[in-house]
Amino acid sequence: MAKPKPPSRRDLLTSGAKAAGVACLAGLSLTAYVESARRAEATALRPPGALPEDDFQGACVRCGLCVRACPFDTLRLAELGEEAPLGTPFFVARETPCFMCADVPCAKACPTGALDRDIPSIRQADMGVAVLVGHESCLNYKGITCSICHRVCPIRDEAITLEPQAIRGRRMVIPTVHSDKCTGCGTCEKHCVLGHAAIRVLPRELGLGGRGRNPAGRAV
Amino acid sequence: MRLSLTAEARREGVAAKGWVRAHKWWILRRLTQLTALGVFMAGPLAGIWLVRGNFASSEILGFLPLSDPFIAVQSLAAGAVLARVALLGALLITLFYIVVGGRAYCGWICPVNIVTDTAYWLREKLGITRDRKLDRRTRLWVLGGALLASLLSGTVAWEFVNPVSLLQRGLIFGLGAGWTIIAAVFLLDLLITRRGWCGHLCPVGAFYGIMGKASVVRVAASRREACTNCGACFQICTEPHVITPALKGRGTMSILNQDCLNCGSCIDACPVDVFEISVRRNIR
Ligand code: SF4
Ligand code: SF4
Ligand code: SF4
Ligand code: SF4
């Protein structure tokens, strides 16, 4: 067998450059894909104690230990094509809301710190914020005092109150969410009597207005 | 021709040693792979919670943390400050594979290996010979690209597409449309490139290979003088290039190349028992 010629310095340099080129190309296309995939996720609700979404996506390894720790089967890992990026934990409030366990077992189970393992109380959780999106369909706005969302809220009268208001000359009580107290557990959305809930939990980024954004792009 | 399910590459071995001895390592590997999945699936399916989580990170018997080092490294590249539990878990796994051989992960744990082995078996049965050339180093470029993407996007980037995570997590937590990606890997190996995925592209295998570069447990061609040149080992091996130096060279009989899966398929296939599992010998 003829011994293959040892590669010259020049060959090594060319193949090294080629490899670096391909790695960069692979890296950039994957980055582009990841960026587009995570833009689509803004509606998914994260478990309690989750880091801000950008940090969460770097820390969560998609192990599902939080999912297994939840006694109510609230959480699940996203399958391909679901609203959260592949494999990440999320919940759908309308199906199963978070029951706000006092000891937050899901966050304590997280091995990576993607969920705050030292969260002092479930009241500090920030899964999202309830927003009355369906003014035109909410029964209270029609003058029928349904108020189910208020009645079921685990932090009733703090996170959500009934505010008397006069609208077009009629007196009504309007379910009003207070974002500093609302944890985004989704119990209100779950129990809204309409076929398509008039009150929904949205990630805070999506659900709250504000003065603007800081230079890092976060809402202030 | 009689229809036989025996892999083409095992025929010599079966003829010489009988079915069981020509499948010994294959049986052990499949049992290990299925047990690894099985203990995780026993929780959701049967309520037997010996372990929780999945291959990415888990809690064994309620106290022992294990974490996949490749995903942990992506996390670190993304700039995450991982909690100690995950770091400890990744360290334990790393130490384990430094002993048993990095790509023993591929041969003994990874469920995609079952898929690609099956694709290869079928490929031989159907006599498909189309073999689009791919450089075996492509996986290193993909690995570099995955880490670069993690750095740039601040996410565990490969986990957006990783078929290995997709399959193991899918089997334990629900697969959804994820089977399409697995089917793509199967078809790649069946129709386009011999051992295309595990032998050329998968960055997980590449990462574990690098990790186990100096591993202790190695397959060795200890009786290479008995070799009859039947070619069965080259035919069955996912990474045939690793065999040549040990079998045909004059140096060490240990297979030192990090690409070797420590799968033992060569031991099974060889009709004259050239190979054995042993510990690393750097020189003859
Ligand atoms: S706080 Fe309790 S109910 Fe809510 S997600 Fe965590 S474990 Fe489940
Ligand atoms: S336990 Fe933590 S790392 Fe695991 S899936 Fe849940 S959030 Fe992600
Ligand atoms: S190369 Fe990748 S897919 Fe193949 S067995 Fe190894 S980790 Fe699994
Ligand atoms: S050399 Fe033997 S043990 Fe190593 S990958 Fe090939 S068949 Fe498996």
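Which residues are linked in a network of salt bridges with Arg103(B)? Select Arg136(B), Arg139(B), Glu239(B) and Asp259(B) together with Arg103(B), and the network is on screen. A salt bridge here is a side-chain nitrogen of Lys or Arg within 4 Å of a carboxyl oxygen of Asp or Glu.

This is a predicted model, in which local features need pLDDT of at least 70 and side-chain atom pairs count only at pLDDT 80 or more, while totals for chains, interfaces and linings use all residues. Residues are numbered from 1 along each chain as its sequence is written, chains are lettered from A and ligands numbered from 1 in the order in which they are written, and side-chain values use heavy atoms, with hydrogens and water left out.

**Stop 1: a pair within the network**

Keep Arg136(B) and Glu239(B) selected. Their closest N and O atoms are 2.9 Å apart. Arg136(B) sits in the loop between α6 and α7 of chain B and Glu239(B) in the loop between α12 (232-236) and α13 (243-248), so the salt bridge ties together parts that are 103 residues apart in sequence. Helices (H or I, at least four residues) and strands (E, at least two) are DSSP runs, numbered from the N terminus. Glu239(B) is buried at 1% relative accessibility, whereas Arg136(B) is partly exposed at 23%. Buried means under 20% relative accessible area, exposed over 50%, and partly exposed in between (1.4 Å probe, protein chains only).

**Stop 2: ligand 3**

Arg103(B), a member of the network, also belongs to the shell around ligand 3. A residue is in this shell if one of its heavy atoms lies within 4 Å of the ligand. Select the cysteines of the shell next: Cys106(B), Cys110(B), Cys198(B) and Cys202(B). Other residues around ligand 3 include Tyr105(B), Asn113(B) and Trp197(B). Two or more shell residues come from each of α5 (104-108), α6 (112-125), α10 (196-201) and α11 (203-211) of chain B. The shell holds nine nonpolar, two polar and one charged residue. In this count Ala, Val, Leu, Ile, Met, Phe, Trp, Tyr, Cys and Pro are nonpolar, Asp, Glu, Lys and Arg charged, and the others, Gly among them, polar.

**Stop 3: helix α11(B)**

Now select α11(B), where eight of nine residues are buried. Among them are Val204(B) and Gly205(B), which also surround ligand 3. The buried residues pack against α3 (69-77), α4 (84-100), α5, α7 (138-153), α8 (163-173) and α10 of chain B. Contact means heavy atoms within 4.5 Å.

**Stop 4: Asp117(B) and Arg30(B)**

In this salt bridge the closest N and O atoms are 2.7 Å apart. Asp117(B) lies in helix α6 and Arg30(B) in helix α2 (residues 24-46) of chain B, so parts 87 residues apart in sequence are tied together. Asp117(B) is buried at 14% relative accessible area, and Arg30(B) is buried at 11%.

**Stop 5: chain A**

Go to ligand 1. Its shell includes Cys70(A), Cys98(A), Cys101(A) and Cys106(A), and divides into eleven nonpolar, no polar and no charged residues.

From Cys98(A), measure to Glu158(A): the C-alpha atoms are separated by 17 Å, with the residues 60 apart along the chain. Glu158(A) is in the loop between α5 (148-152) and β4 (160-167) of chain A. Beyond its neighbours within four places in sequence, Glu158(A) contacts Arg123(A), His178(A) and Lys181(A).

Finish at Glu95(A) and Arg76(A), a salt bridge with closest N and O atoms 2.9 Å apart. Glu95(A) is partly exposed at 45% relative accessibility, as is Arg76(A) at 28%.
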